[in-house]
Amino acid sequence: MSSPLQSVQGMSDIAAPDVRLWQRLEEIARATLARYGFEELRTPIVEFESVFTRSIGSTTDVVQKEMYVFEKGGRRLALRPEGTAGVMRYAAGLGPMETAGARWFYIGPMFRSERPQAGRRRQFHQCGVECLEPPSPLVDAEILALQVDLLRAWGLGECEVRLSTRGAGADAARVAEGLRDALAPREAELCEDCRRRINENVLRVLDCKQPACRAVVETLPEPTSFMDETSRTYLAQVAEHLDDLQVKHVRDPLLVRGLDYYEHTVWEITNSALGAQNAVAGGGRYRMELGGRELTGVGFAIGLERVVSVLQTLGRAEELLVPGAPLVWLVGLGDAAQRQNLSLMQSLRTAGLTCRMATGGSMKSQMRAANKAGAAWAVIRGDDELAGGVAALKNMETGEQANVPLAELAGKLTGAQK
Ligand code: HAM
């Protein structure tokens with residue numbers, strides 16, 4: 001039985017002070033992405049299931065095992081497991097003039113019903129981009145460089161970029177056939193899943209973690225060897241542009257992304273501060289058909305839980321926490337002072353100050369609340385102060401206290417903040 005107080009396994013609350021780190025990461029992301037010409041796009045969290053099955057691929061783990069699907073009003077709906085499909089569903093509904101050259105970013109929750117383990121969440125958050133400019137190695141390199149720039153702006157330190165290609169056009173069929181031929185004589189050595197994958201989705205065999213399968217995979221010819229020369233040249237050009245941009249990367253011929261919509265460039269970014277689930281981000285160029293329209297783009301998504309986890313492991317999370325504005329705590333002794341403090345608090349806020357008060361309680365309990373909240377100042381009023389048109393202003397750090405005329409209070413407090 002699940003308790004009504006528990007959150008669903010693999011889904012967490014993000015509360016203060018951690019939530020301030022999340023806000024800071026989002027703020028840095030928005031500023032960085034704006035410099036690259038990206039506009040925010042907020043798509044729904046729920047889409048028709050077909051939006052994902054058609055684009056991500058019906059034989060992928062994400063679609064086969066991990067999607068939260070439910071039926072409502074006779075339609076099959078799904079919680080989004082990633083952001084690209086929804087963005088492309090939106091783009092497919094626009095005219096070609098509106099999508100040409102579009103650059104969109106998104107930050108938000110995604111849902112995958114994975115077996116919970118370190119680094120694998122059932123609700124997690126991605127910061128992603130999709131760029132619909134015409135295919136070019138220049139754009140792919142620029143987008144990858146943006147991702148590295150963003151990870152650096154967040155203070156992630158050294159990350160490894162692994163780069164590969166899915167090829168284009170007839171390459172996918174040729175790679176599948178080449179790998180199937182190479183695997184056929186070794187089939188008995190593979191795990192049960194991989195024996196099924198040979199016919200269903202042979203690239204997945206390259207990704208299997210079983211030691212026996214890994215041993216077979218290491219002896220296979222590189223998938224790129226079955227590709228057309230133009231695909232290999234495309235990848236070489238992306239790599240050259242990355243060198244120009246001084247983005248360090250390594251070729252990983254066995255890199256398999258878990259989503260089927262990719263063609264040409266694919267990449268993954270890992271960080272050694274993470275354990276087994278060390279992919280911080282992934283991306284690539286893709287092609288998909290939605291609503292009779294074919295769309296191509298290049299993009300990436302960064303897993304924000306994993307970014308937070310790297311920052312915490314590196315001990316850098318604290319640096320990113322911007323201290324909140326100094327808090328002014330209003331203490332009122334007696335009903336009249338409490339009532340007038342409510343109005344005073346609003347006028348101090350209008351002057352730009354951050355204020356709170358406790359309703360009721362003794363002087364001692366109100367001061368305790370001020371301390372607990374980390375207040376920098378206490379503004380104390382009882383009947384005498386009300387009659388005299390003053391407030392006792394206490395510096396909570398030094399303990400110094402002095403009466404200040406009410407008309408001067410806001411000016412004194414805002415002055416003290418500078
Ligand atoms: P993805 O590689 O499936 O790509 O996910 C991107 C990132 O999301 C991963 O590198 C990881 O950091 C994070 N992530 C994925 N699953 C989980 C999970 N269960 N728990 C925690 N974090 C997770 C995509 O989603 C593509 N849409 C990226 C893309 C955009 N390609 C082109 N455009």
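User: Let's start with Val46: how do I read its exposure, and is Val46 buried or exposed?

Analyst: Go by relative accessible area: buried means under 20%, exposed over 50%, and partly exposed in between, using a 1.4 Å probe and protein chains only. Val46 has a relative accessible area of 32%, so Val46 is partly exposed. Bear in mind that this is a predicted model, where local features need pLDDT of at least 70, side-chain atom pairs count only at pLDDT 80 or more, and totals for chains, interfaces and linings use all residues. Numbering runs from 1 along each chain as its sequence is written, and side-chain values use heavy atoms, with hydrogens and water left out.

User: Which nonpolar patch is on the surface?

Analyst: A patch takes residues with over 30% relative accessible area and no salt bridge, joining like charges within 9 Å and nonpolar side chains (Val, Leu, Ile, Met, Phe, Trp, Tyr) within 5 Å. Here Ile45, Val46 and Phe70 make one, with about 210 Å² of accessible area together (Shrake-Rupley method, 1.4 Å probe; for residues, only the protein chains shown count as cover).

User: Now salt bridges: how many does the structure hold?

Analyst: Look for a side-chain nitrogen of Lys or Arg within 4 Å of a carboxyl oxygen of Asp or Glu. The structure holds 26 of them. In one, Glu268 meets Arg162 at 3.1 Å, N to O. That pair links distant parts of the chain, 106 residues apart, with Glu268 in strand 9 and Arg162 in strand 7. Strands (E, at least two residues) and helices (H or I, at least four) are DSSP runs numbered from the N terminus. Glu268 is buried at 14%, and Arg162 is buried at 19%. Both belong to a salt-bridge network with Asp252 and Arg257.

User: What about a pair within helix 8?

Analyst: Try Arg196 and Asp193, whose side chains form a salt bridge at 3.1 Å, N to O. They sit 3 residues apart in helix 8 (residues 192-200), about one turn of the helix. Arg196 is partly exposed at 36%, and Asp193 is partly exposed at 34%.

User: Which residues come nearest the ligand?

Analyst: A residue is near a molecule or strand if one of its heavy atoms lies within 4 Å of it. Of the 27 residues around the ligand, Glu82, Glu114, Arg121, Arg257 and Tyr262 come nearest. Thr84 puts a polar side-chain atom 2.9 Å from a ligand nitrogen, while Gln126 has one 3.0 Å from a ligand oxygen. The protein covers 96% of the 660 Å² of accessible area that the ligand has on its own. Strand 10 gives the largest share of the shell, 7 residues.

Conventions. Polar contact = N/O pair within 3.5 Å; in protein donor to acceptor, adjacent residues only side chain to side chain.
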